[in-house]
Each structure stands twice: as C-alpha cells, then as structure tokens.
Amino acid sequence: MKQNMRVYVNILWIIIGAILSGLSFAGKVDEYWNGMGTALLVVGAIRLLRYHRLNKNDAYRERKELEMSDERNQFIRNKAWAWAGYYFVLIVAVGSIILRFLGLDDLSTAAACAVWLLMILYWISYMILKRKY
C-alpha cells in the first residue's frame, strides 16, 4: 500500500506540474509558476522511473537498499549536509555584507535573516540532540 501511495503522489506531482506549465504558456500565471511546474513534472517523472526500475531490477534494488542502509554512506551523507550548511552560512553571510555595500538593503536584510534562522535552527537542534544522546 505504501508503495502504491508513492506512485499516486508522483502522478499527482506530474499532473500539478503540467497544469502549472500549461497555465504559464497560456499566459494566466507568470514564469515563476512555469519553472515550478516544470520542476514538479520532471521530479515526478524521475521518481516514477526510479520506482519502476526498483521493482523490475532485483540487483539494482538490492544495491540501492544496501547503499541506503550502509553506515559508511550514512556518515558521508550526514557529513555532506554539514559541509553544505556550513558553506551556505558563510556564503550568505558574506553576501549579506556585499549586498549592504551595494546599497541593496532589503536583500542584505533577507540574507542576514536567512543566516540568523539557520543558526537558530542549528542551536535548537544541537540542544535537542545533546539531551537525546
């Protein structure tokens, strides 16, 4: 049942994506929604193809299950997220300063708020995990 629900959700993404892209081409919505629709359509299609391949190819399914449950791969994924978050904070913080020098105060404030939010989320997560482990 859970697998069938994933298929239905992916089909829903494809339908919503096609509707958004169609509305954009008809001139009813702006280009933002065309990009969002195209992204939803592509993601839904890729996930459906992946689901089909997992069900039809036993060797591929076993390799993917091993990859998802392997501790080394989990460690690498977690480390990659940590690096991505760290570099995101640094890049956006520097970008906030540069935007302020360029006189783009609204964008600078938005970038600074993004850094602030990420740091608050990090602190809350750290406190929760510190108690848990």
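Student: In which helix is Leu117 found?

Tutor: Leu117 belongs to helix 5, which spans residues 105-132. The model is a predicted one.

Student: Why is Leu117 called partly exposed?

Tutor: Its relative accessible area is 44%. Buried requires under 20% and exposed requires over 50%, so the 44% of Leu117 falls in between and the residue is partly exposed.

Student: What makes Leu117 eligible for a nonpolar surface patch, and which residues form that patch?

Tutor: Patch members need over 30% relative accessible area, and Leu117 has 44%. The patch consists of Trp116, Leu117, Met119, Ile120, Leu121, Tyr122, Trp123, Ile124, Tyr126, Met127 and Ile128, with about 1,100 Å² of accessible area together.

Student: Why are Tyr122 and Tyr126 described as a stacked aromatic pair?

Tutor: Three aromatic pairs are found in a search of the whole structure. One of them, Tyr86 with Tyr87, has centres 5.5 Å apart and planes at 70°, an edge-to-face arrangement. For Tyr122 and Tyr126, the ring centres are 6.3 Å apart and the planes are at 25°. Pairing requires centres within 6.5 Å, and stacking requires planes under 30 degrees apart; both conditions are met, therefore the pair is stacked.

Student: How are Tyr122 and Tyr126 placed along helix 5?

Tutor: They are four residues apart in helix 5, which means that about one helical turn separates them.

Student: What makes Tyr122 exposed but Tyr126 partly exposed?

Tutor: Tyr122 has 53% relative accessibility, and the limit for exposed is over 50%; Tyr122 therefore counts as exposed. Tyr126 has a relative accessible area of 42%, a value between the two cut-offs of 20% and 50%, so Tyr126 is partly exposed.

Student: How do you know that Asn10 is buried?

Tutor: Asn10, in helix 1 (residues 2-25), has 5% relative accessibility. Buried means under 20%, so Asn10 qualifies. Leaving aside neighbours within four places in sequence, Asn10 is in contact with Gly44, Arg47 and Leu48.

Student: Why is Leu48 not also called buried?

Tutor: The relative accessible area of Leu48 is 23%. The buried class requires under 20%, so Leu48 is partly exposed instead.

Student: Where is Leu48 found, and which residues does Leu48 touch?

Tutor: Leu48 is in helix 2 (residues 31-56). Apart from residues up to four places away in sequence, Leu48 touches Val7, Asn10, Ile11 and Ile14. The C-alpha atoms of Leu48 and Val9 are 9.6 Å apart, with the two residues 39 residues apart along the chain.

Conventions. Residues are numbered from 1 along each chain as its sequence is written. This is a predicted model: local features need pLDDT of at least 70, side-chain atom pairs count only at pLDDT 80 or more; totals for chains, interfaces and linings use all residues. Side-chain values use heavy atoms; hydrogens and water are left out. Patches are made of residues with over 30% relative accessible area and no salt bridge: like charges are joined within 9 Å, nonpolar side chains (Val, Leu, Ile, Met, Phe, Trp, Tyr) within 5 Å. Accessible areas come from the Shrake-Rupley method with a 1.4 Å probe; for residues, only the protein chains shown count as cover. A salt bridge is a side-chain nitrogen of Lys or Arg within 4 Å of a carboxyl oxygen of Asp or Glu. Helices (H or I, at least four residues) and strands (E, at least two) are DSSP runs, numbered from the N terminus. Buried means under 20% relative accessible area, exposed over 50%, partly exposed in between (1.4 Å probe, protein chains only). Contact means heavy atoms within 4.5 Å. Rings of Phe, Tyr and Trp (its six-membered ring) pair if their centres lie within 6.5 Å; planes under 30 degrees apart count as stacked, over 60 as edge-to-face and the rest as tilted.
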